[in-house]
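Got your viewer open and a selection tool at hand? Let's take a walk through this one, stop by stop.

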Amino acid sequence: MSFLEVDDLTVRFGDTVAVDHVGFAVEDTGRLGIIGASGSGKSVTSLAIAGLLSETARVTGSIRLDGQELVGLREREYRELRGSKLSMIFQEPMTALDPTMRVGRQIAEVIALHERRSGKRLTVEAELARVGIRDPQRVGESFPHQLSGGQRQRALIAMAIINRPGLVICDEPTTALDVLVQKQILGLLDEVLTDRAALFVSHDLAVVREVCRHIIVMEHGRIVEQGDVDDVIATPEHEYTARLVAAARGTL
Amino acid sequence: MRRVLIRLAWFLGSLLLASFLIFAATNALPGDIANFLLGTNARPEEVTALRERLGLNRPFLVRYLEWLGGVVVGDFGTSQITGRPVTEMILPRLEVSAWLVGLATIGSLLIALPVGAYAALRRRHLDGVAVSAVSQFGLAVPSFWAGIWLVVLFAVQLRWFPAGGYVSYWDSVGEWALHLVLPVGALSIVQASVISRYVRSAVIDVLHTDYFRTARAIGWSRIGALWRHGLRNISISLLTVIGLQVTTLLVGAIIIEQVFAIPGLGSRLLLAVTQRDLVIVQGIVLVLVWAVLLINFLVDVAYQFLDPRLKRAAA
């Protein structure tokens, strides 16, 4: 049995079908890249797994995390999972942190929220050092606007892995960063995601290839192609994938 | 710090300008105190003589500076009608009004924050829409109307609170509190309906931010994330509204003082206006305008502490 199993997942907003009978599985140390343009349903899929869709969304099908069914799970229990058993890393490090709170306190909060369950007392500074921040004390005492984009994204990665989750969902984690920082952050993610399952959502084939072997390609809420990332790039079967590969040719 | 000093300079400048405008306006009113004291049957010579005695025929600027010099050291002049110093008459009333406005501000926030947050969180449900609709209705209700209904219900019918009057805080805290519940309640309810609309839209804004989503992703409930990460961000935008609303609240307090027979600045102001006691009118209007300016200055300074992005720029 895989660590994450998604079966027949469908998400509707009113009459609009955003995710259409999607299914895939990720092993407990496996990684899956989800590729697609905006509107393809890839972000909705990842938010559905985290249970963070707006209340207007109707989710059917099955999402099993470590054997536990998440579709229809009560919010109180879902809350326990978020930040401890599954976590997310988002696109915009500038706006993803509370602008009025020191970064160290925001990280400490993730520990405090799940203290009872994890029982570990980890210091914030050790966690910041773990994600490659050289002066963790200063960064911990800073407000988000006082840090660089790379430092902010590292802080968010620290928040995501601090409780040693089994699954980390990365939704375009490097899109907002400049190219050099992007490389560093991808290297860091590759390192911290080694012993856990990960979903890697991006519109960028080149970025996904850096960290994932297996990918699925989504269009209009459906999976149109899947397989080994190099095979998909070499011999795209679906017309949409072919266009995606052609468009990314320069960066591959 | 520099930013705060610039704000302080602007604040002091506006205090000065306000004092000049108020003095000029009250002096431009037709029919001065000499006319009023002597009545309509007085002969012109008598009026002129009295003007001379009261110093009213000296140049405008001299009288203004003399008055301002007094105000700066806390001397607002002497009332020609009562013969008592204005400061002595205003001060206890200023305390009453300050309690009324201050407690009503707190009261309106205590109502508006949960109501606005509820209306925002449940905006797609019937109960959330109903809460919004009821608070919209509150906008149309004048505070004296709310006051009268509170009196009918809680003073006349239920007899929980006195229908009017005032007991000083320093005489009996219990009685003081009992007498303030209804007037403060009337002001708060009306004020809260305005503020809760701002709270609602500010909370909806927060619900759409990335940091709110992050807070949810680390395990906060919607309300938990709102409390922990939304409140401070909301209070930054809400502060402006509260600063602006203090003016409305002061005007509302003048009327509420009438409804509940509370000896505040407002009722004294109305009395002074009917008696043409311009020295008192001048003094009270100055106190009210300066209070509004002071509160808006404090709001400006408070931004620097609530928003770390500004604090850094000011350092």
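Start with chain B, and keep in mind that you're looking at a predicted model. Chain B has 13 helices and 0 strands. Color it by secondary structure and follow along from the N terminus: you'll meet α-α-α-α-α-α-α-α-α-α-α-α-α. Turn the chain around and you can get a feel for its extent, since the C-alpha trace spans about 85 × 55 × 35 Å along its principal axes. Of the 315 residues in chain B, 34% are buried. Looking at contacts in this chain with a separation of 6 or more, 70% of them are between residues 24 or more positions apart.

**Stop 1: the annotated stretches**

Next, select residues 98-121, 133-156, 176-195, 236-260 and 280-303 of chain B. An unreviewed UniProt entry lists these under "transmembrane region". Zoom in on two of them. How much of residues 133-156 of chain B is helix? The figure is 88%, with 0% strand, and the C-alpha atoms at the two ends sit 29 Å apart. Now try residues 176-195 of chain B: here the chain is 100% helix and 0% strand, with 27 Å between the end C-alpha atoms.

**Stop 2: two helices that cross**

Stay in chain B and select helix 5 (residues 86-121) together with helix 11 (residues 265-274). Their axes come within 8 Å and cross at roughly 135°. That angle is over 115 degrees but not over 145, so helix 5 and helix 11 of chain B count as oblique to each other. Show the side chains where they touch: helix 5 of chain B brings B:Met89, B:Ile90, B:Arg93, B:Leu94 and B:Ser97, while helix 11 of chain B brings B:Leu265, B:Gly266 and B:Arg268. Sort this contact by class and you get 4 nonpolar, 2 polar and 2 charged residues.

**Stop 3: an enclosed helix**

Now pick helix 9 of chain B, residues 210-217. Why can we call this helix largely enclosed by the rest of the structure? Because 6 of its 8 residues are buried. To see them, select B:Tyr211, B:Phe212, B:Thr214, B:Ala215, B:Arg216 and B:Ala217. What covers these buried residues comes from both chains: the cover includes helix 8 (173-207) and helix 10 (222-259) of chain B, along with helix 1, strand 6 and helix 3 of chain A. Just after helix 9 of chain B, click on B:Gly219, which has a positive phi, near 120°.

**Stop 4: where the chains meet**

Time to cross over. How many residues does each chain give to the contact? Chain A puts in 27 residues and chain B puts in 19 residues. On the chain A side, the elements giving two or more residues are strand 6 (86-89), helix 3 (93-96) and helix 4 (103-118). Helix 4 of chain A gives the most, with 4 residues. By class, the chain A side splits into 12 nonpolar, 9 polar and 6 charged residues.

**Stop 5: the open sheet in chain A**

Hide chain B and look for a sheet in chain A. Its 6 strands run in the order 6-7-8-3-9-10, making an open sheet with mixed pairing. Which strands are at the edges? They're strand 6 and strand 10 (222-228) of chain A, each pairing on one side only. On average, neighbouring strands of this sheet are turned by 20° against each other, ignoring direction.

Select strand 3 (residues 31-35) and strand 8 (residues 197-202) of chain A: they run parallel and are joined by 5 bridges. Click on A:Gly33 and you'll find its bridge partner in strand 8 of chain A, A:Phe200.

Now add some helices. Helix 1 (residues 42-50) of chain A lies across strands 3, 6, 7, 8 and 9 of chain A, at about 150° to strand 7. Helix 7 (residues 149-161) of chain A lies across strand 6 and strand 7 of chain A, at about 170° to strand 6.

**Stop 6: one more set of strands**

Finish with strand 1 (residues 4-13) and strand 4 (residues 57-65) of chain A, an antiparallel pair with 8 bridges. In this pair, A:Thr10 stands opposite A:Thr60. Strand 4 of chain A is also joined to strand 5 (residues 68-69) of chain A, antiparallel again, by 2 bridges. Here A:Arg64 stands opposite A:Glu69. The hairpin of strand 4 and strand 5 of chain A has 2 residues between the strands, and A:Asp66 takes a positive phi near 50° there.

Key
Residues are numbered from 1 along each chain as its sequence is written. Chains are lettered from A and ligands numbered from 1 in the order in which they are written. This is a predicted model: local features need pLDDT of at least 70, side-chain atom pairs count only at pLDDT 80 or more; totals for chains, interfaces and linings use all residues. Two residues are in contact if their C-beta atoms, placed from the backbone, lie within 7 Å. Ala, Val, Leu, Ile, Met, Phe, Trp, Tyr, Cys and Pro count as nonpolar, Asp, Glu, Lys and Arg as charged, and the others, Gly among them, as polar. Two strands pair if DSSP finds at least two bridges between them. Axes are lines fitted to C-alpha atoms, for helices over the stretch in contact, and angles run from 0 to 180 degrees between N-to-C directions. A residue is buried if 20 or more other C-beta atoms lie within 10 Å of its own, exposed if 12 or fewer, and partly exposed in between; C-beta atoms are placed from the backbone. UniProt positions are given in the numbering used here, feature names are shortened, and annotations may be inferred rather than shown by experiment. Angles under 35 degrees count as roughly parallel, over 145 as roughly antiparallel, 65 to 115 as roughly perpendicular and the rest as oblique.
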